[in-house]
Amino acid sequence: MKILCIGRNYRAHAEELKSEIPKEPVFFMKPETAIIRNNLPFFYPGFSEKIHYEVELVLKICKLGKHISEKFAHTYYDQIGIGLDFTARDIQENCKKKGLPWEIAKAFDGSAAISNFVDKNKFKDLNNINFSLNLNGKTVQKASSSQMIFTFDQLISYLSKFVTLKIGDLVFTGTPSGVGELHINDQLEAYIENEKILNVNVK
Ligand code: MG
């Protein structure tokens with residue numbers, strides 16, 4: 001399986017990183033070895049001094065697809081969860097300056113913590129799912145899927161132009177504003193619609 005991640009899908013987040021608002025989705029990938037499951041800890045990597053948290057809604061792909069039209073995109077994902085896109089921001093800033101790819105800042109082992117997944121039919125409106133992240137008990141990110149620049153269906157359609165989507169693939173749909181630095185011993189708790197769904201300690 002693979003993990004497809006969308007960058008800059010919330011206006012306020014693009015602005016806080018002084019990035020342009022994209023006209024088309026920006027995407028990058030993480031390998032399977034990036035995944036942290038079952039609320040296991042995140043180990044702060046030695047190669048970075050500025051790891052940021054990014055909370056995101058994550059789609060789970062349930063059907064093989066290529067060149068998926070927006071109209072049918074909703075049939076290609078059946079579950080939604082929460083993910084933390086851990087980012088070595090110091091390294092990413094350097095990559096951006098030099099026009100280099102982001103993989104070393106984004107795709108390292110442990111860089112994708114994921115929750116258990118929920119049947120998408122449990123949500124009243126997929127275009128208005130509320131989610132948030134607490135850092136040491138204080139809310140640092142809080143948003144709704146209604147604030148996304150590109151909807152879930154637009155993302156699936158766009159990604160599938162370039163990459164075949166396979167059953168079990170994950171799509172991180174972008175983070176809202178409020179990203180920030182992590183430190184050893186920090187505790188992260190992520191919520192969908194006020195239900196705690198992910199818990200990660202930094203070691
Ligand atoms: Mg992200």
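Reader: Is Tyr 10 buried or exposed here, and why do you call it that?

Author: In this predicted model, Tyr 10 has a relative accessibility of 2%, so it counts as buried, given that buried means under 20% relative accessible area.

Reader: And how do the rings of Tyr 10 and Phe 131 sit to each other?

Author: Their centres lie 6.3 Å apart and their planes meet at 65°, so Tyr 10 and Phe 131 form an edge-to-face pair, because planes over 60 degrees apart are put in that class. The two residues are 121 apart in sequence, with Tyr 10 in the loop between strand S1 and helix H1 and Phe 131 in strand S10. Phe 131 is buried too, at a relative accessible area of 3%.

Reader: What about Tyr 77 and Phe 152, how are those rings arranged?

Author: That pair is also edge-to-face, since the ring centres of Tyr 77 and Phe 152 are 6.0 Å apart with the planes at 75°. Tyr 77 belongs to strand S6 and Phe 152 to helix H4, so the contact ties together parts 75 residues apart in sequence.

Reader: Which charged end sits over the ring of Tyr 77?

Author: The charged end of Lys 120 does, at 4.7 Å from the ring centre.

Reader: Switching to the metal, which residues are the protein donors of the magnesium ion?

Author: They are Glu 54, Glu 56 and Asp 85, which lie 2.0 to 2.1 Å from the ion. Glu 56 in strand S5 and Asp 85 in strand S6 are 29 residues apart, and both Glu 56 and Asp 85 are buried.

Key
Residues are numbered from 1 along each chain as its sequence is written. This is a predicted model: local features need pLDDT of at least 70, side-chain atom pairs count only at pLDDT 80 or more; totals for chains, interfaces and linings use all residues. Side-chain values use heavy atoms; hydrogens and water are left out. Donors are N, O and S atoms within 2.8 Å of the metal (3.2 Å for Na, K and Ca); water is not among the atoms, so sites may look incomplete. Helices (H or I, at least four residues) and strands (E, at least two) are DSSP runs, numbered from the N terminus. Buried means under 20% relative accessible area, exposed over 50%, partly exposed in between (1.4 Å probe, protein chains only). Rings of Phe, Tyr and Trp (its six-membered ring) pair if their centres lie within 6.5 Å; planes under 30 degrees apart count as stacked, over 60 as edge-to-face and the rest as tilted. A charge sits over a ring if NZ of Lys or CZ of Arg is within 6 Å of the ring centre and within 35 degrees of the ring normal.
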